[in-house]
Amino acid sequence: MTSTSTPPAGDVLDLLDGLIGRARRAGADAADAVLFDSASLSLSQRLGQPERLERSESGDLGLRVFVGRRQAIVSTSDRSPAMLAELVDRAVSMARVVPEDPFCGIAGPEQIATSWQDMDCCDPAEPSSEEMIAQARIAEETALSIAGVTNSEGADASWSRSTIAIAASNGFAGSYAVSRRSLSVSVLAGTGTGMERDYGFDSKVYAADLRSAEDIGREAGEKAVRRLNPRKVKSCRVPVVYDPRVSRGILGHLTGAISGPSITRGTSFLKDRMGEVIFPETVNIIDDPFVRRGLRSRPFDAEGLPVVRRNLIENGRLTTWLLDLRSSRQLGLAPTGHASRGTSGPPGPAPSNVTMAPGSRTPEAIIGEIDEGLYITELMGSGVNGVTGDYSRGASGFWIEKGRIAYPVSEITVAGNLKDMFLNLEPASDLELRYGMDAPTIRIDGMTIAGM
């Protein structure tokens, strides 16, 4: 492995502080700035032949200025003195003419984070292209060695590292670095019109924590073969079990429904449910920005506010919205430290590491008492209505008969309403942290299956 350097945190923060100072002198009442310096390496190969090898480095900077209750945002990748001077002039000129927003503005000095933890979210070593090519080759070769696998859609390996810096005229200044390593492979089993596809994947902050290329390849091959000769099922109403690869989608539907802008616009099916029980009392869902080496960990939010570990769902009860400063002001509530942003747009709320706490029963136990049901391993489409909670997704997986996985099934639609699905949900005991938003196997009773 080789090591690459990033700009010292002090140099980056000095650059942002100087930019904010210029904006104040040009007439801005307040300002903040965000900077991203990134490097990445990615490659793909198929059937042992390289298809793509790319390395990129980028630097983006965004400035947000406020004149009264008006704000403007400009961004650039050019950090020359002339461009930065033009950036400031353009931003302040824009802010003077845009409509007022009574809820915009940076945090007060008493709100900002003044200290934070190091979550060890950046691997200092950069992999060589040769190492990544070898990993992709091993993953693909392992998958192709599984009996029944007949072709490959390719293997991909990637690495990235970014430095994020934020500063504001309220006195906040902070930076941190993040990295990610990923490896995936997708293969086909069977022949002709009876071919089935599946994949193996892993992503971690540190290379040392990544699953082995052999494990990822074996997962892809074995799962593809298991899907051969799928059957269709009749339309019915049965319990549905979500594999952990797809159960995390339930968390995405929840966090979208409790995001501040959805609540302020009245476009969430949970808009009137704060403080109410919306899951069984055995269900707890946690948002934790402090996970060591977590894929979505962060020491502070994108507005310089402190972050805290929160139970989004505590014993089945909804306890909080996800709020940035703007949505918190609209709702008359305290911000929750969930602001996220890029360089060319205003902040908006986003969760950190979200997990559904594991239940007490194993997946085998929650499947074992199902006479007929569906075990879902893949979902297609995005048929979820955030306003009503209506849920309809294409699905494939396996049919459950008399408490056991019986045979693969495909061309199914699974439907329900998220309000009912949440209330009829049971998590199993097999939670693994793999995606930054993770749930164990979950069972939901009373789902509608549309088949043949």
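This report describes the two largest pockets of a predicted model and one buried arginine.

The model is predicted, so local features need pLDDT of at least 70 and side-chain atom pairs count only at pLDDT 80 or more, while totals for chains, interfaces and linings use all residues. Residues are numbered from 1 along each chain as its sequence is written, and side-chain values use heavy atoms, without hydrogens and water.

A pocket is an open set of points on a 1 Å grid over the protein atoms alone, where a 1.4 Å probe fits, with protein on both sides within 12 Å along at least five of seven lines; lining residues have an atom within 4 Å of a point. Volume is the space filled by probe spheres set on the points.

| Pocket | Volume | Lining residues |
|---|---|---|
| Largest | about 580 Å³ | 23 residues |
| Second largest | about 500 Å³ | 25 residues |

In the largest pocket, K223, D243, P244, Y375 and D430 are the lining residues closest to the centre. Its lining comprises eight nonpolar, two polar and 13 charged residues; Asp, Glu, Lys and Arg count as charged, Ala, Val, Leu, Ile, Met, Phe, Trp, Tyr, Cys and Pro as nonpolar, and the others as polar.

For the second largest pocket, I164, Y176, V178, S297 and R298 lie nearest the centre. Its lining has 14 nonpolar, six polar and five charged residues.

R181 lies in strand β7, strands being DSSP runs (E, at least two residues) numbered from the N terminus. R181 counts as buried (under 20% relative accessible area, 1.4 Å probe, protein chains only) because its relative accessibility is 2%.

Terms used: Helices (H or I, at least four residues) and strands (E, at least two) are DSSP runs, numbered from the N terminus. Buried means under 20% relative accessible area, exposed over 50%, partly exposed in between (1.4 Å probe, protein chains only).
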